[in-house]
Amino acid sequence: MPELPEVEVVRRGLARWVSGRTVDAVEVRHPRAIRRHTAGAADFADRLQGLRIGTARRRGKYLWLPVTGGGPAAQSAAEGIAPIVTPSVTHGLAILAHLGMSGQLLVQPQDAPDEKHLRIRIRFADDLGTELRFVDQRTFGGLSLHDTVPGDADQLPDVIAHIARDPLDPAFDDAAFHDALRRRRTTVKRALLDQSLISGVGNIYADEALWRSRLHYERPTATFTRPRTAELLGHVRDVMNAALAVGGTSFDSLYVNVNGESGYFERSLDAYGREDEPCRRCGTPIRRRPWMNRSSYFCPRCQRPPRPH
């Protein structure tokens with residue numbers, strides 16, 4: 001499942017190549033790709049036609065494209081003139097993208113051969129010669145159209161209003177996160193993966209941040225002091241920024257950016273996926289343990305388990 005860095009890489013590509021363009025036509029090639037749009041494929045396609053795509057946005061692992069009605073900007077796009085992106089409106093609609101395990105949003109030339117697992121095609125009313133394609137091998141992802149939260153500056157889709165801000169968001173409140181962390185009475189990795197507490201962190205970057213922090217994944221959150229929480233958040237941000245710098249983490253060809261390119265942060269991972277390899281700090285073999293239908297990777301020497309009470 002893509003985490004914050006991978007989704008942010010896709011968002012940046014959409015902001016560059018898709019934002020500001022007007023939808024000419026939508027083709028839904030697989031019903032599962034729009035199953036979260038309960039009104040169906042025809043409604044999804046009809047409602048998007050003629051709408052203008054705003055600036056691509058993200059919160060945590062969630063990605064969306066605000067859309068607004070036509071007007072002068074739509075006419076400019078139809079004539080091949082690059083439209084000016086206007087400021088956010090107070091309410092409206094947004095296309096919410098669920099990438100799932102294998103979803104890809106690709107900007108492709110209109111005459112490029114269709115991908116084997118092409119699910120949705122969005123064409124634009126301009127002469128740029130490219131279109132947006134949603135490709136999904138496993139069909140766990142999809143696109144859907146939702147109302148946005150009234151008055152929200154980010155035009156947040158209402159169905160994800162419960163998702164917390166992510167640690168790279170300038171509005172993320174470190175002090176409030178610490179207080180909430182202490183109140184949860186859980187363990188640190190469970191807290192990091194709780195998207196209502198802090199969004200964008202998944203299994204890979206949780207293990208990486210915990211390794212950098214020398215914290216065991218079962219460390220109780222009630223034991224965290226403010227300095228310890230600040231240190232953990234610093235490592236979360238550092239590992240995500242490092243991943244962003246190289247395009248995210250790709251273990252296979254499923255995660256790619258809008259140009260179809262894979263990230264290569266997996267070459268820099270210190271803990272995740274390195275079972276039996278030496279810890280880069282102390283040389284002790286990294287261990288893997290089953291955890292919540294997943295795996296946790298850690299150094300048994302650097303990340304001592306908490307003492308039982």
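**Exercise 1. Contacts along the chain**

Determine what percentage of the contacts in the protein chain between residues at least 6 apart in sequence join residues at least 24 apart.

*Solution.* The model is a predicted one. Step 1: consider the contacts in the protein chain between residues at least 6 apart in sequence. Step 2: among these contacts, take those that join residues at least 24 apart; they make up 67%. Step 3: for the setting, note that the protein chain contains seven helices and 11 strands. Of its 309 residues, 52% count as buried.

**Exercise 2. The nonpolar cores**

Identify the residues with the most contacts inside the largest nonpolar core, and describe the surroundings of leucine 143.

*Solution.* Step 1: the largest nonpolar core consists of 30 residues. Step 2: the residues with the most contacts inside this core are Leu14, Leu48, Leu105, Ile120, Leu132 and Leu143. Step 3: leaving aside residues up to four places away in sequence, leucine 143 touches Ala33, Ile34, His37, Phe44, Ile95, Leu96, Ala97, Leu105, Ile120, Ile122 and Phe134. Step 4: a second, separate core has 29 residues, including Leu192, Leu193, Val201 and Leu233. As background, nonpolar side chains in soluble globular proteins tend to be buried together.

**Exercise 3. Two packed helices**

Classify the arrangement of helix 6 and helix 7, and state which residues form their contact.

*Solution.* Step 1: helix 6 covers residues 203-213 and helix 7 covers residues 226-245; their axes lie 9 Å apart, at an angle of about 125°. Step 2: this angle therefore makes helix 6 oblique to helix 7, because it falls neither within 65 to 115 degrees nor over 145. Step 3: the crossing of the two helices is right-handed. Step 4: helix 6 contributes Tyr205, Glu208, Ala209, Leu210, Arg212 and Ser213 to the contact, while helix 7 contributes Arg228, Glu231, Leu232, His235, Val236, Asp238, Val239, Met240 and Ala243. Step 5: sorted by class, the contact has eight nonpolar, two polar and five charged residues.

**Exercise 4. Two residues with positive phi**

Locate glutamine 155 and aspartate 276, and decide whether each is buried or exposed.

*Solution.* Step 1: glutamine 155 has a phi near 55°, a positive value in a residue other than glycine. Glutamine 155 lies in the loop between strand 9 (142-147) and helix 4 (174-184). Step 2: its relative accessibility is 6%, so glutamine 155 counts as buried, the cut-off being under 20%. Step 3: aspartate 276, also not a glycine, has a positive phi of about 70°. Aspartate 276 is placed in the loop between helix 7 and strand 10 (287-291). Step 4: with a relative accessible area of 60%, aspartate 276 is exposed, since exposed means over 50%.

Definitions and conventions: Residues numbered from 1 in each chain as written. Predicted model: local features only at pLDDT ≥ 70, side-chain atom pairs only at ≥ 80, totals over all residues. Heavy atoms only, no water. Axes fitted to C-alpha atoms, helices over the stretch in contact; angles between N-to-C directions. Helix = DSSP H or I, 4+ residues; strand = E, 2+ residues; numbered from the N terminus. Parallel < 35°, antiparallel > 145°, perpendicular 65-115°, else oblique. Left-handed = near helix turned anticlockwise from the far one by under 90°. Contact = heavy atoms within 4.5 Å. Nonpolar A, V, L, I, M, F, W, Y, C, P; charged D, E, K, R; others polar. Buried < 20%, exposed > 50% of the residue type's maximum accessible area, 1.4 Å probe, protein only. Core = buried A, V, L, I, M, F, W, Y, C linked by side-chain atoms within 4.5 Å.
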